[in-house]
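Open the model in your viewer and keep the sequence panel beside it. The tour below moves from stop to stop, with something to select at each one.

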Amino acid sequence: KNIIIKFDPREDRYISREFQKYAYDLAEELGDLDHKSLYMRLAKITPRHLLEQARYFVKDASNAQNPARLFMWKLKQLRDEWKKKQK
């Protein structure tokens with residue numbers, strides 16, 4: 001609900017859902033706006049707690065050369081662990 005209130009049609013013209021805003025902010029934080037559609041797909045189908053854990057991992061590793069690559073590596077690792085727990 002807060003996302004829609006803060007919606008600026010000149011700046012956020014492609015964002016109409018909460019997961020899109022989250023994905024765009026994540027891509028911007030990781031410095032990977034070229035692949036924002038990938039983050040949108042991840043935000044739509046991946047449990048949010050996994051994305052948040054990977055995001056915090058990248059934040060803690062502040063000296064990472066490529067934060068987007070580190071995020072994807074950690075996300076894959078977290079997904080594999082999560083799937084093992086689901087079985």
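**Stop 1: K59**

Select K59. This residue is partly exposed, with a relative accessible area of 43%. The value lies between the 20% limit for buried and the 50% limit for exposed, so K59 falls in the middle class. K59 sits in helix α4. Keep in mind that the model is predicted.

Now add F71 and draw a distance between the two C-alpha atoms. The separation is 9.5 Å, for residues 12 apart along the chain. Keep F71 selected, as it returns in the core.

**Stop 2: the whole chain**

Zoom out and colour by secondary structure. The protein chain has 5 helices and 0 strands. Along the sequence the pattern reads α-α-α-α-α. Switch to colouring by accessibility. Of the 87 residues, 32% are buried.

How are the contacts spread along the sequence? Take the contacts between residues at least 6 apart: 49% of them join residues at least 24 apart.

**Stop 3: the nonpolar core**

Which residues have the most contacts inside the largest nonpolar core? Select L30, Y39, L51, F71 and L75. The core they belong to has 19 residues. Four helices each give two or more residues to this core: α2, α3 (36-45), α4 and α5 (67-86). The most come from α2, which gives 6 residues.

Centre on L30. Leave out residues up to four places away in sequence, and L30 touches Y39, V58, P67, A68 and F71. Two of these partners, Y39 and F71, are also on the list of residues with the most core contacts.

**Stop 4: α2 against α3**

Show α2 and α3 alone. Their axes are 8 Å apart and the helices pack at an angle of about 130°. That angle fits none of the parallel, antiparallel or perpendicular ranges, so α2 and α3 are oblique to each other. Their crossing is right-handed.

Turn on side chains at the contact:

- From α2, select F19, Q20, Y22, A23, Y24, L26, A27 and L30.
- From α3, select K36, Y39, M40, A43 and K44.

L30 and Y39 both appear here, and the two residues also touch each other.

**Stop 5: α3 against α5**

Hide α2 and bring in α5. Are α3 and α5 roughly parallel or oblique to each other? Their axes come within 13 Å and cross at roughly 25°. An angle under 35 degrees counts as roughly parallel, and α3 and α5 therefore belong in that class. The crossing of this pair is left-handed.

For the contact, select L38, Y39 and L42 on the α3 side. On the α5 side, select A68, F71, M72, L75 and R79. Y39 takes part in this contact and in the one between α2 and α3.

**Stop 6: the salt bridges**

Switch to charged side chains. How many salt bridges are there? The count comes to 5. Three of the pairs are visited here, one by one.

*E18 and R48.* Select both side chains. They meet in a salt bridge, at 3.1 Å from N to O. This pair links distant parts of the chain, 30 residues apart: E18 is in helix α2 (residues 18-30) and R48 in helix α4 (residues 48-60). E18 is partly exposed at 42% relative accessibility. R48 is partly exposed as well, at 29%.

*K21 and D25.* Stay in α2. D25 forms a salt bridge with K21, and their closest N and O atoms are 3.6 Å apart. About one helical turn separates the two, because they are 4 residues apart in helix α2. D25 is partly exposed at 32%, whereas K21 is buried, with a relative accessible area of 18%.

*E52 and R55.* Move to α4. R55 forms a salt bridge with E52, with the closest N and O atoms 2.9 Å apart. Here too the separation is about one helical turn, because the residues lie 3 apart in helix α4. R55 is buried at 15% relative accessible area. E52 also counts as buried, at 17%.

**Stop 7: the network**

Keep E52 and R55 on screen and add E29. These residues are linked in a network of salt bridges. End the tour with E29, E52 and R55 selected together.

Methods. Residues are numbered from 1 along each chain as its sequence is written. This is a predicted model: local features need pLDDT of at least 70, side-chain atom pairs count only at pLDDT 80 or more; totals for chains, interfaces and linings use all residues. Side-chain values use heavy atoms; hydrogens and water are left out. A salt bridge is a side-chain nitrogen of Lys or Arg within 4 Å of a carboxyl oxygen of Asp or Glu. Buried means under 20% relative accessible area, exposed over 50%, partly exposed in between (1.4 Å probe, protein chains only). A nonpolar core is a set of buried Ala, Val, Leu, Ile, Met, Phe, Trp, Tyr and Cys residues joined through side-chain atoms within 4.5 Å. Contact means heavy atoms within 4.5 Å. Axes are lines fitted to C-alpha atoms, for helices over the stretch in contact, and angles run from 0 to 180 degrees between N-to-C directions. Angles under 35 degrees count as roughly parallel, over 145 as roughly antiparallel, 65 to 115 as roughly perpendicular and the rest as oblique. A crossing is left-handed if the near helix is turned anticlockwise from the far one by less than a right angle, and right-handed if clockwise.
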